[in-house]
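Colleague: I would like a close look at one part of this model, with the surrounding elements brought in wherever they help to place it. Please take your time over the answer.

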Amino acid sequence: MQLSEQEIVRRSKLTKLREMGIDPYPAALYPVDATSKSIKHDFEEGKKVVISGRLMSRRIQGKASFAELQDSEGRIQVYFNRDEICPGEDKALYNEVYKKLLDIGDIIGVEGTLFTTQVGEKTVMVKGFSLLSKALRPLPLPKVDAEGNTYDEFNDPELRYRQRYVDLVVNPKVKDTFIKRTKITNSIREFYNERGYLEVETPILQPIPGGAAARPFLTHHNALNIPLYLRIANELYLKRLIVGGFDGVYEFSKDFRNEGMDRTHNPEFTVMELYVAYKDYNWMMDTTEQLLEKVALDANGSTKLVVGDNEIEFKAPYARVPILEAIEAHTGIDVTGMDEGELRNVAKGLNIEVDETMGVGKLIDEIFGEKCEHHYIQPTFITDYPKEMSPLTKAHRSKPGLTERFELMVNGKELANCYSELNDPIDQRERFEEQLKLSEKGDDEAMFIDQDFLRALEYGMPPTAGIGIGIDRLVMLLTNNSSIQEVLFFPQMRPERRVAAEVLSTEDAKAVFEILKKVEKMSLSDLKEQSGLSNKKWDKSIKELTKNNLAKVLKTDEGLFVELD
């Protein structure tokens, strides 16, 4: 492992602390009785407190020093005075430990009394302190010059998402997003619990990936010697519970879909699904309006919020627009009753990329997604989807060929999906068989046939309304974040190439790696020229990169290229 100069210095300090008999990672409980927030809120001159936190700044002036401690609730100023800490002749705790062996980022405990400085700053006078955890890496703290300009901010998204623990320490506003996320989920729970619905848990490992049209992750259970899938949805298990006699059940579900990643999609994501017996999709529209109104108020204190350039109003009622009318409104084409061939021609005429595996449902979904979805900024229920798009949905009671389904669009994106649930086992089997035909055509997102779910329906499921709400997207909206990575503590990331450079032993190889990292692929001759290395050093560097699986040399018709591995 290659250590930086600062890391080497900190490890040397670690050794010196141990030589002085100080355990830099003590096991004993530390008796914290106050926080930065409680001190400021309930400030009392002379009051004794015990606090702990991370040392974030300090200004040493001989035998006195002002510093800042950061805990889970903010920062508080602390005042170190040599004679207060070391009343006897031995001044080593201040002169050696505090001044020389502590670093920014170290976690310490402080016992002291409260006082107010001449400039009115609420401060802790340190009477004693303990090292609770020595930080061996320096924090990437921003610096502010005399003109107020900020430098060296920790704002590279890739680094922030990979090292969320650092992001949370040095960018306090990030923590606010995740505190608000918990407020949002608690608000939803309160809403459903007050109505008597039961929060449940269903399997994540499933023999059949049912309940949605998506590509699953596949794994293998060694003891049973069977394939299993990470769930793409929990719908079919929750509906089994409705069959079993529960009137209302909901689950905050971690789902997994083996598909693309972008600013609104992560392969692991959170959905809240609710199923209520004896209700329909009209009732669920009314209920969803009430829910989101409450959640917006609980999270932000208002039903209005700004998202990017748009102001969004979550107060009910929301517009309700049938999907086929939405397509006609935004394309000028009435696709009602069109077959697969006609829809494919319409899509091509609208410059929408389609292929032969797409059936009627997929084609309508593509047309709506490309030409209509982005227009719906205010909360809007898009309703009455064609039967081919909705294999788990009850046929519409008055509109042949359509189903009782809605998707809630907010800020141009789908936020929720709801059905009057199909409870006719014969119709459901036929719908699954239609999905099987799509799968045989090459649609790798078509649904599997779940024989056990069909058996459950044959025992009888009452009329039921069900909804799934994307929690990650809801949090994005209510925290004004445009990227899903900002609302996940640890989003999925590509393999970490920056750290891979640490395995390289020569500065020449590291320099070549840094050049290549900016473009990922470059002709061998151009890369050699940019590196400025002699033939001998060049050969050695390339061998080191390929040996450590950081790069590979490709032979093409256009010549030799070097590519990141």
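Which backbone nitrogen does the side chain of D106 reach, and at what distance?

Modeller: The model is a predicted one, and everything below should be read in that light. The side chain of D106 reaches the backbone nitrogen of A135, at 2.9 Å. As for its setting, D106 sits in the loop that links α4 to β4 (107-116), and with a relative accessible area of 0% it is buried, because buried is taken as under 20%. Neighbours within four places in sequence left aside, the residues in contact with D106 are R10, G53, R54, L55, L101, L131, S133, K134 and A135, so that A135 appears both in this list and as the partner of the side chain of D106.

One of those contacts, R10, leads to helix α1, since R10 is among the buried residues of that helix, together with E7, K13, L14 and L17. These buried residues cover an arc of only 115 degrees around the axis, which puts them on the same side of α1. The general reason is that an α-helix has 3.6 residues a turn, so residues three or four places apart point the same way. The buried residues of α1 pack against α4 (92-101) and β5 (122-133), while the face turned away from them carries the exposed residues E5 and E19. The length of the helix is also consistent: α1 has 15 residues, from 5 to 19, which at 1.5 Å a residue should span 21 Å, and the C-alpha atoms at its ends are indeed 21 Å apart. Just after α1, G21 takes a positive phi of about 85 degrees.

Positive phi values also occur at residues that are not glycines, and these deserve a careful look, as does one cis peptide bond. In general, most residues other than glycine have a negative phi, and most peptide bonds are trans. Y278 has a positive phi of about 70 degrees although it is not a glycine; it is placed in the loop between β13 (268-277) and α9 (281-300), and its relative accessibility of 58% makes it exposed. N351, again a residue other than glycine, has a phi near 60 degrees; it belongs to the loop between α11 (340-349) and α12, and it too is exposed, with a relative accessible area of 73%. E520, which comes just after α17, takes a positive phi of about 70 degrees. The cis bond is the one from A316 to P317, where omega is near 0 degrees, and P317 lies in the loop between β15 (310-313) and β16 (319-322).

The helix that follows the loop of N351 offers a second buried residue to set beside D106. I367 is found in helix α12, residues 360-371, and at 0% relative accessibility it counts as buried. Its contacts, again leaving aside neighbours within four places in sequence, are I327, L343, V346, A347, L350, I352 and C372. I367 and K348 are 19 residues apart in sequence, and their C-alpha atoms are 9.7 Å apart in space.

The strand β13, which precedes the loop of Y278, is joined to β12 by nine bridges, and the two run antiparallel. V249 stands opposite Y275 of β13 in this pairing, and V249 is also the bridge partner of L198, where strand β8 (residues 198-199) pairs with β12 in the parallel sense over two bridges. Strand β12 (residues 248-256) is mostly covered, with eight of its nine residues buried.

Returning to E520, the helix before it, α17 (residues 507-519), has A509, K510, V512, F513, I515 and L516 as its buried residues. Further along is an open sheet of three strands, in the order β21-β23-β22 and with antiparallel pairing. Its edges are β21 (521-523) and β22 (551-556), each with a single partner strand, so one side of each is left without a neighbour in the sheet. From one strand to the next the twist averages 25 degrees. Three bridges join β21 to β23 (residues 559-564), and K521 has E563 of β23 as its bridge partner. Two helices lie across strands of this sheet: α18 (residues 524-531) crosses β21, β22 and β23 and runs at about 90 degrees to β21, whereas α19 (residues 535-547) lies across β22 and β23, at about 105 degrees to β22.

How values were computed. Residues numbered from 1 in each chain as written. Predicted model: local features only at pLDDT ≥ 70, side-chain atom pairs only at ≥ 80, totals over all residues. Heavy atoms only, no water. Helix = DSSP H or I, 4+ residues; strand = E, 2+ residues; numbered from the N terminus. Expected span 1.5 Å × (residues − 1). Buried < 20%, exposed > 50% of the residue type's maximum accessible area, 1.4 Å probe, protein only. Arc of directions from axis to C-beta. Contact = heavy atoms within 4.5 Å. Pairing = 2+ DSSP bridges. Axes fitted to C-alpha atoms, helices over the stretch in contact; angles between N-to-C directions. Polar contact = N/O pair within 3.5 Å; in protein donor to acceptor, adjacent residues only side chain to side chain.
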